[in-house]
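This report describes one chain and the ligand beside it. The sequence and structure come next.

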Amino acid sequence: MSEIAIFGAGGAGRETAWLADHCGMKVACLIDDSRELEGTRINGVPVISLNHFLAISPNVPVLCAIGNPQARERVVGKLLKQGANLNCSLIHPSVLIGSHTEIGRGAIICPHTIITVNVRIGAFAYVNLSCTIGHDVELGDFCTFTPGVHVSGTVRFGRRIFVGTGATFINGTSTKPLSVGDDAVVGAGVCVRRDVRPGTTLLDAAPRSIAGGGADREF
Ligand SMILES: CC(C)(COP(=O)(O)OP(=O)(O)OC[C@H]1O[C@@H](n2cnc3c(N)ncnc32)[C@H](O)[C@@H]1OP(=O)(O)O)[C@@H](O)C(=O)NCCC(=O)NCCS
């Protein structure tokens, strides 16, 4: 049974601990530097500080389970600097992965996600429950997809992008992939139809109708 530690004792950490257990891994501990959590148990798993962890189990691989992409990148940088072993990822057995698809180290891919062909998932990406990712999608390092995100083919995501629950992306084309810039935030339920500039937050647009085409159409 492989042993791992999980950085983060919040919702993402607790869910990841449950998934790791479900995947047959032994979760040694949750790592969290909050004073009030040190020495407690959460859902039966001991919580210890990073310094304590590195002192007692320096070789146990650590999965970073923090939902916020920027915070996750900062923590991964700190863990690397302190010599932690980050050579592990978690891909639930129910995940379907097509051919010619790469998944970077440190990634967490949650149950019932489907990733089809010619996809690249960056390092330390976090793809939550029941997402679908179509052909020719590139997902940069440290991106977070929350539950039920659906991406049609040929979309390029930069780094550290946060996508809210149930957002959808229409497909790009091979000559013009749909592009989502670094550090963008896509709100829950948004249908993304155009490129998203880096660092912008996209909210669900109010429905609008256009005339013609028979039945009323709403976009
Ligand atoms: C986009 C988002 C990040 C914005 O968060 P925020 O900056 O804190 O914004 P606020 O909640 O203050 O909302 C600002 C305004 O935008 C509206 N808004 C927020 N999210 C929206 C969305 N997804 N679609 C449409 N409108 C939205 C709010 O109603 C509010 O409108 P008002 O000023 O008229 O009241 C957030 O609303 C969101 O969608 N987060 C995703 C949550 C999620 O999926 N979590 C998964 C956890 S596993």
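Two residues are in contact if their C-beta atoms, placed from the backbone, lie within 7 Å. Among contacts in the chain between residues at least 6 apart in sequence, 27% join residues at least 24 apart. The model is predicted: local features need pLDDT of at least 70 and side-chain atom pairs count only at pLDDT 80 or more, while totals for chains, interfaces and linings use all residues. Residues are numbered from 1 along each chain as its sequence is written.

The C-alpha trace spans about 70 × 35 × 30 Å along its principal axes. Of the 219 residues, 38% count as buried, that is, with 20 or more other C-beta atoms within 10 Å of their own C-beta, placed from the backbone.

The chain has 3 helices and 25 strands, which are DSSP runs (H or I, at least four residues, for helices; E, at least two, for strands) numbered from the N terminus. Strands pair if DSSP finds at least two bridges between them. Two pairings involve strand 4 (residues 45–48):

| Partner of strand 4 | Sense | Bridges | One bridge |
|---|---|---|---|
| Strand 2 (residues 26–31) | parallel | 2 bridges | leucine 30 with valine 47 |
| Strand 3 (residues 41–42) | antiparallel | 2 bridges | arginine 41 with proline 46 |

The hairpin of strand 3 and strand 4 has 2 residues between the strands, and asparagine 43 there takes a positive phi near 50 degrees.

Residues around the ligand (C-beta atom, placed from the backbone, within 6 Å of it) include Asn128, Thr146, Val185 and Asp204.

Notes: Buried ≥ 20, exposed ≤ 12 C-beta atoms within 10 Å, placed from the backbone.
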